[in-house]
Amino acid sequence: MTDTPHYQLFIDGQWTEGADGQTMSTPNPATGEEWATFACAAPADIDRAVTAARRALSDPAWRDLSQTARGKLLLRLADLIEQNAAGIGRIETTDSGKLLAETASQTAYVGDYYRYYAGLADKIEGAVLPIDKPDMHVFTRREPIGVVVAIVPWNAQMFLTATKLGPALAAGCAVVLKASEVAPAPMLEFARLIEEAGFPPGVVSVLTGDAEACAIPLTRHPGVDRIAFTGGPETARHVVRNSAESFAVTTLELGGKSPILVFEDADLEGAANGLIAGNFGASGQSCVAGSRGLVHRPVFDALVARIEEKMAGVTIGDPLEAQTQIGPLCTAAQIAKIEATLAAATAQGATIRFGGAPLARPGNYMPPTLVECAGPDTATLHVEMFGPVMSLLPFDSEEEAIALANDTPFGLGSGVFTENLARAHRVSARLKAGICWVNTYRAVSPIAPFGGYGQSGYGREAGIEAIQDYTRTKTTWISTSDRPMANPFVMR
């Protein structure tokens, strides 16, 4: 136990234990063994972090920093992230089970998100209005929205933090970052880089803890102006209810059951790779997992055969090893949910073409699983399992494919594989999803907005428009007349 790392909370520029002394341990999903412990925040810690953030907004060290200087701090942070990407990636892999090849490369790429928003920091502009009143000069300016609570899940922590923290800091906000109590270590390591980058105390605090002592008092705190949440729909409902206490603005990036449509004219090699990327990439632990594969009936059997061939030699193993393609799931609860959903699907007549049962080895290992669905009501087409399960269903016409794709309360990602350019435009326009990939899948960029429809949430992260969400517009009226203000009882 002497070699077990212990992580403290980062509040107001200081490393500290939680006020009530609570700690939790975090297991390595590849072995099932505890590998680290971390302090948990209590309500007193929440109040301290939010109070520090409010103070930072009025502190000349942050308040009076020019927009260009804020951008330079973000550039410094981006460089530090890039320099430490391999180390943070290894910690994230140990803590969450995601492949090191992905965590390290994704962390390095995250630096570009901070660079993107560093460049936008001094592009936040107001406007002079062509007002319809004589002797009036009227202009707008955008000001920081205030204290932001950013809540991120465990499955893509550095990426989902960057899409919130980057625009918030560029806009001049102060942020309390709440990491998931499941696999929080990389976020607490990331806090060291925030400290090293030179942000004033209180501008960013990083904490974690359970719902009762941490998440609930944080989202109810009257000092919070905005909540940016990524997670599940049920937790999001609690966040929205809690935000009513302070009328905090909320944006929600939630889950999905994203469809991937493969038409008979598609390049089957590309389509097979797209379905594999959308379902087995990150072991299926992705909010945009393309877990509903809708395939034109004439090519259904050929596509299934190609996927089976590609997956026959897949390497399942230690996520720290370079040759591993599929690692463990983060929690045992995910495996239990997958097993229950697969049992329901097979009872409905679905066929499991490969996979289907956890591996008999230490850790949370579920092999890639392909389900040939008996119909549109098959359970695996509706339950978000957050694991490596691909469900395929044939369709006979373009209209049927679109109807099946839109038959869901979610609307985050979608994919279309076709060589017909007209069809690509026609179908992508009718899919009810915030993102549509055509002849590719699971690509992201700081330049491209990311978000969903329906129960996949609202608001957008990344892109230019995201930075506007972290500002408020102030309108200033200046009378340019040399005469006193007229009748005070008449609106001008």
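## Cysteines

In this predicted model, the number of disulfides is 0. Cys 40 takes part in no disulfide, and the cysteine sulfur nearest to its own, that of Cys 214, is 8.1 Å away, whereas a disulfide would need the two sulfur atoms within 2.5 Å. Cys 40 is buried, with a relative accessible area of 0%, and Cys 373 is likewise buried, its relative accessible area being 7%.

## Strand S5 and its partners

Strand S5, which covers residues 34-39, has 5 of its 6 residues buried and is therefore largely enclosed by the rest of the structure. Strand S5 pairs with strand S1 (residues 6-7) in the parallel sense over 2 bridges, and within this pairing His 6 has Thr 37 of S5 as its bridge partner.

Strand S5 also pairs with strand S4 (residues 23-27), here in the antiparallel sense and over 5 bridges, with Pro 27 standing opposite Glu 34 of S5. Strands S4 and S5 form a hairpin with 6 residues between them, and Gly 32, which belongs to the turn, has a positive phi of about 80°. Both senses of pairing are known in sheets in general, where strands are joined through backbone hydrogen bonds.

## Helix H7 and the largest nonpolar core

Helix H7 comprises the 13 residues 185-197, which at 1.5 Å a residue should span 18 Å; the C-alpha atoms at its ends are 19 Å apart, so the computed length agrees with the expected one. The helix is mostly covered, since 10 of its 13 residues meet the criterion for burial, namely a relative accessible area under 20%. Among the buried residues of H7 are Met 187, Leu 188, Phe 190, Ala 191 and Ile 194, and Glu 189 is buried as well. Helix H7 is followed by Gly 198, which has a positive phi near 105°.

The largest nonpolar core holds 60 residues, and those with the most contacts inside it are Leu 77, Tyr 114, Leu 169, Phe 190, Phe 199 and Val 206. Helix H6 (residues 157-171) gives the most to this core, contributing 9 residues. Another core lies apart from it and has 29 residues, among them Ile 260, Ala 266, Ile 276 and Phe 450. In soluble globular proteins, nonpolar side chains tend to be buried together. With neighbours within four places in sequence left aside, Val 206 is in contact with Leu 9, Phe 10 and Leu 177, and also with Met 187, Leu 188, Ala 191 and Ile 194, four residues that are listed among the buried positions of H7.

## The seven-stranded sheet and other parallel pairs

An open sheet of 7 strands follows the order S15-S16-S17-S14-S13-S18-S19, and its pairing is mixed. Its edge strands are S15 (351-354) and S19 (437-438), each of which pairs on one side only. Within this sheet, strand S13 (residues 259-262) and strand S14 (residues 292-296) pair in the parallel sense over 4 bridges, and Ile 260 stands opposite Gly 293 of S14.

A further parallel pair is formed by strand S11 (residues 226-230) and strand S12, which are joined by 5 bridges, with Ile 227 standing opposite Thr 250 in S12. Strand S12 (residues 249-253) has 4 of its 5 residues buried and is thus largely enclosed by the rest of the structure.

## Leu 303 and Arg 460

Leu 303 lies in helix H11, which covers residues 297-311, and is buried, with a relative accessible area of 0%. When residues up to four places away in sequence are not counted, Leu 303 touches Val 262, Leu 268, Ala 271, Ala 272, Leu 275 and Val 295. One of these contacts, Ala 272, is 31 residues from Leu 303 in sequence, while their C-alpha atoms are 6.5 Å apart in space.

Arg 460 is found in the loop between strand S20 (457-458) and helix H15 (464-468). Arg 460 and Ala 272 are 188 residues apart in sequence, with a C-alpha to C-alpha distance of 29 Å. Beyond its neighbours within four places in sequence, Arg 460 is in contact with residues including Gly 434, Pro 449, Phe 450, Gly 452, Tyr 453, Glu 465 and Asp 469. In the case of Gly 452, the backbone oxygen lies 3.2 Å from a polar atom of the side chain of Arg 460.

Terms used: Residues numbered from 1 in each chain as written. Predicted model: local features only at pLDDT ≥ 70, side-chain atom pairs only at ≥ 80, totals over all residues. Heavy atoms only, no water. Contact = heavy atoms within 4.5 Å. Polar contact = N/O pair within 3.5 Å; in protein donor to acceptor, adjacent residues only side chain to side chain. Buried < 20%, exposed > 50% of the residue type's maximum accessible area, 1.4 Å probe, protein only. Pairing = 2+ DSSP bridges. Expected span 1.5 Å × (residues − 1). Core = buried A, V, L, I, M, F, W, Y, C linked by side-chain atoms within 4.5 Å.
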